[in-house]
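Trainee: Got a minute? I'd like to go through this one with you.
Mentor: Sure, pull it up and ask away.

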Amino acid sequence: MNAKRRKRLGGVRDALHHASDDMEDIIDEEQECLDNTPENLQDTDAYSEREDLLDEMRDVLGDLNSVIQTISDLL
């Protein structure tokens, strides 16, 4: 890979890293909301859906971090 494409790929990696940081913040905020949900609302469908969404976001974050690592390995 030539230097120009390597530099562009490094830029993609950096952008993905920023996206990963943002996603981590969102996950933390969502987890905090779930943790602060009143006990009488924790058995609702809406709460369960939010838990499932949070799990999916964690999976996506893991995949994103794997892509970042793969790109880093290429550089």
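Trainee: Where does Asp-35 sit?
Mentor: Asp-35 is in helix α1, which covers residues 3–35. Keep in mind that this is a predicted model.

Trainee: OK. Is Asp-35 buried or exposed?
Mentor: Exposed: its relative accessibility is 52%, and the cut-off for exposed is over 50%.

Trainee: Which residues form the negative surface patch?
Mentor: Asp-35 is one of them. The others are Asp-21, Asp-22, Glu-24, Asp-25, Asp-28, Glu-29 and Glu-32.

Trainee: Switching topic, how many helices and strands are there in the protein?
Mentor: Two helices and zero strands. The protein is also more spread out than a compact globule, because its radius of gyration is 17 Å, well over the 11 Å that the globule rule gives for 75 residues.

Trainee: And what does the C-alpha trace span along its principal axes?
Mentor: About 60 × 15 × 15 Å.

Trainee: What share of the residues counts as buried?
Mentor: 20% of the 75 residues.

Trainee: Now the nonpolar side of things. Which residues make the nonpolar surface patch?
Mentor: Met-1, Leu-74 and Leu-75 make that patch, and it comes to about 290 Å².

Trainee: Where is Leu-74 found?
Mentor: In helix α2, which runs over residues 45–74.

Trainee: Why does Leu-74 count as exposed?
Mentor: Because its relative accessible area is 51%, and exposed means over 50%.

Conventions:
Residues are numbered from 1 along each chain as its sequence is written. This is a predicted model: local features need pLDDT of at least 70, side-chain atom pairs count only at pLDDT 80 or more; totals for chains, interfaces and linings use all residues. Side-chain values use heavy atoms; hydrogens and water are left out. Patches are made of residues with over 30% relative accessible area and no salt bridge: like charges are joined within 9 Å, nonpolar side chains (Val, Leu, Ile, Met, Phe, Trp, Tyr) within 5 Å. Accessible areas come from the Shrake-Rupley method with a 1.4 Å probe; for residues, only the protein chains shown count as cover. A salt bridge is a side-chain nitrogen of Lys or Arg within 4 Å of a carboxyl oxygen of Asp or Glu. Lys and Arg count as positive and Asp and Glu as negative; His and the chain ends are not counted. The place of a charge is taken as NZ of Lys, CZ of Arg, CG of Asp or CD of Glu. Helices (H or I, at least four residues) and strands (E, at least two) are DSSP runs, numbered from the N terminus. Buried means under 20% relative accessible area, exposed over 50%, partly exposed in between (1.4 Å probe, protein chains only). The radius of gyration is taken over C-alpha atoms; the globule rule is 2.2 Å times the number of residues to the power 0.38.
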